[in-house]
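Below is a short report on a two-chain model. Read it with the structure open.

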Amino acid sequence: MHYNWNWGIFFETSPDGVHTYLTTLLMGTGWTLATALAAWALALSLGSLVGVVRTMPYPWLVRLGQAYVELFRNIPLLVQMFLWYFVLPEVVPAAVGDWLKQLPDASFYTAVVSLGFYTSARVAEQVRAGILALARGQRWAALALGLTLPQAYLYVLLPMAFRIILPPLTSEFLNIIKNSAVALTIGLMELTARARAMQEMSFQVFEAFTAATVIYIVINIAVTFGMRWVERRAAVPGLIGAPAPAAAH
Amino acid sequence: MFANFDFEVILRSLPYLFYDGMTFTLTLTALATLGGIVLGTLLALMRLSGLPPLSLPAAGYVNLMRSVPLVLMIFWFYFLVPYIGQWVTGAARPIQVGAFVSSLVTFTLFEAAYFCEIMRAGIQSIPRGQVAAAQALGMNYVQTMGYIVLPQAFRNMLPVLLTQTIILFQDTSLVYVLSITDFLGAASKVAQRDGRLVEMYLFAALVYFIISFFASLLVRRLQSRVAIIR
């Protein structure tokens, strides 16, 4: 193999003249995490709303929720990002479109919005599955006690549903971190984009991509362990997934 | 808002979009699915073998692939495949491979990790008694897997495998980052040449939507038909 390894490249100054390559990668990591977290907040709130709507006793609302999920699940994320970034400013009134185009960090906001909506459809499916996994009697009991429908969701159904669906939500959160790399196509300088820029400037292809890979793995492990701790704390006692109580002797 | 929406540009570019672009997308999807399922099944068998020299590398591979973004893997393999080709063939310099081979290798190796997890779940869903029964009949490992376990695992997991294929179909749009003319790449090239981003991207989204939507409808119908009644 004729490839000149140079691991010292990380401490050399990047073409911006100020930061080392390592610093640019860490800055990219910051953008990756910021994008993922902001998009996750959007995905979780929208997804919960749509998931709840899909279990409501109103057929037209259920169908609306279903249409929402189908729309955002059946178009590739990259295409959705292009729609938000290139198409939206053209089809809204000219003044709004101009404002959108001149927004500083437009690619960041676009990435957050498109990742958020894209992931919300998946979160909605999980939330719905979580609510449907509960015994029907829980809803009836809550309503029989005189709770209104919103109260039944808020105090009885959702707290249980969220504890049940924590593991799939964890993988959706990991997905949103990975999917944020797609935003490099609209110019967001997140981790993968920084690695690519470093490769183009320094020609040290494999060092750059190795570093990015290692950073993604570290983030992955950190999130997985953190969420495992949360899952243990939030496990519903008595379910198979919960740690068994200490056996009595 | 759609006053100057130009349908003409879509009509004009239809042959290019579908003949050049969609052919690439569908071929890549089909071949990567096939390769991914074969490799993924082998990985699943390795993970379940109970032999650490086999199960640990397989688990490491799957976890590695599943923790990095596909975009990063596309870049990795784009630069790595020429070196792998050189290593395999023993050539003097890195082998120049086309965009198609590079993306086929990438998607096969990447999706194999996901297919592995599906097949692992499928194999684990088969009652242990069947393996014992096959061994009692005198079958060896290959016969047990080939005649008893894998056919049932495939049948149980067929809907999930197909759903993953739809995801793979959508994921192939990411070859855009290598400026490859897949369906989205073709749409994007026309969009930029003619300055018709709105029309082309909306049309691309519509086509992806229709294909994925009806494919998942079919999968749902298939699901009720292939389910083994117990």
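The report covers one chain overall, then its helix packing, its interface and a few single residues.

## Overall build of chain B

This is a predicted model. Chain B holds eight helices and zero strands. Read from the N terminus, its elements run α-α-α-α-α-α-α-α. The C-alpha atoms of chain B fill a box of roughly 75 × 55 × 25 Å along the principal axes. Chain B has 230 residues, and 38% of them count as buried. Take the contacts in chain B between residues at least 6 apart in sequence: 73% of these join residues at least 24 apart.

## Two helix pairs

Two packed helices are described by the angle between their axes and the distance between the axes. Two pairs in chain B are described here.

The first pair is α2(B), residues 52–67, and α4(B), residues 99–124. Their axes come within 9 Å and cross at roughly 115°. The crossing of α2(B) past α4(B) is left-handed. On the α2(B) side, the contact uses Y61(B), V62(B), M65(B) and R66(B). On the α4(B) side, it uses F110(B), A113(B), C116(B) and E117(B). By class, this contact has six nonpolar, no polar and two charged residues.

The second pair is α1(B) and α6(B), the latter spanning residues 141–171. The two pack at about 135°, with axes 11 Å apart. Angles over 115 and up to 145 degrees are neither roughly perpendicular nor roughly antiparallel, so α1(B) is oblique to α6(B). Here α1(B) passes α6(B) in a right-handed crossing. From α1(B), the contact takes T29(B), A32(B), T33(B), I37(B) and L45(B). From α6(B), it takes M145(B), L161(B), T165(B), L168(B) and F169(B). The classes are seven nonpolar, three polar and no charged residues.

## Helix α7 of chain B and its cover

Does the length of α7(B) agree or disagree with that of a helix at 1.5 Å a residue? Helix α7(B) covers residues 183–194, which is 12 residues. The expected span is 16 Å, and the end C-alpha atoms are 17 Å apart, so the two agree.

The buried residues of α7(B) are F183(B), L184(B), G185(B), A186(B), A187(B), S188(B), V190(B) and A191(B). What covers them includes elements from both chains: α3 (77–91) of chain A, and α1 (7–47) and α8 (197–226) of chain B. Just after α7(B), G195(B) takes a positive phi of about 60°.

M200(B) lies in α8(B). It is buried, because 28 other C-beta atoms lie within 10 Å and 20 or more is the cut-off. Beyond its neighbours within four places in sequence, M200(B) is in contact with A187(B), V190(B) and A191(B). Those three are among the buried residues of α7(B). M200(B) and E111(B) are 89 residues apart in sequence, and their C-alpha atoms are 28 Å apart in space.

## The side of chain B that touches chain A

How many residues of chain B are in contact with chain A? There are 27, and they meet 29 residues of chain A. Two elements of chain B give two or more residues to this side: α3 (70–89) and α8. Helix α8(B) gives the most, with 10 residues. By class, this side of chain B has 22 nonpolar, four polar and one charged residues.

## Single residues compared

The table sets out burial for four residues.

| Residue | Burial | Other C-beta atoms within 10 Å |
|---|---|---|
| M200(B) | buried | 28 atoms |
| T170(A) | partly exposed | 17 atoms |
| D105(A) | exposed | 11 atoms |
| S179(B) | exposed | 10 atoms |

T170(A) sits in helix α8 of chain A, residues 166–179. The C-alpha atoms of T170(A) and V223(A) are separated by 8.0 Å, although the two residues are 53 apart along the chain.

D105(A) lies in the loop between α4 (94–102) and α5 (106–132) of chain A. Its phi is near 60°, a positive value in a residue other than glycine. S179(B) lies in the loop between α6 and α7 of chain B. S179(B) is not a glycine, yet has a positive phi of about 55°.

Conventions:
Residues are numbered from 1 along each chain as its sequence is written. Chains are lettered from A and ligands numbered from 1 in the order in which they are written. This is a predicted model: local features need pLDDT of at least 70, side-chain atom pairs count only at pLDDT 80 or more; totals for chains, interfaces and linings use all residues. Helices (H or I, at least four residues) and strands (E, at least two) are DSSP runs, numbered from the N terminus. The expected span of a helix is 1.5 Å times one less than its number of residues. A residue is buried if 20 or more other C-beta atoms lie within 10 Å of its own, exposed if 12 or fewer, and partly exposed in between; C-beta atoms are placed from the backbone. Two residues are in contact if their C-beta atoms, placed from the backbone, lie within 7 Å. Ala, Val, Leu, Ile, Met, Phe, Trp, Tyr, Cys and Pro count as nonpolar, Asp, Glu, Lys and Arg as charged, and the others, Gly among them, as polar. Axes are lines fitted to C-alpha atoms, for helices over the stretch in contact, and angles run from 0 to 180 degrees between N-to-C directions. A crossing is left-handed if the near helix is turned anticlockwise from the far one by less than a right angle, and right-handed if clockwise. Angles under 35 degrees count as roughly parallel, over 145 as roughly antiparallel, 65 to 115 as roughly perpendicular and the rest as oblique.
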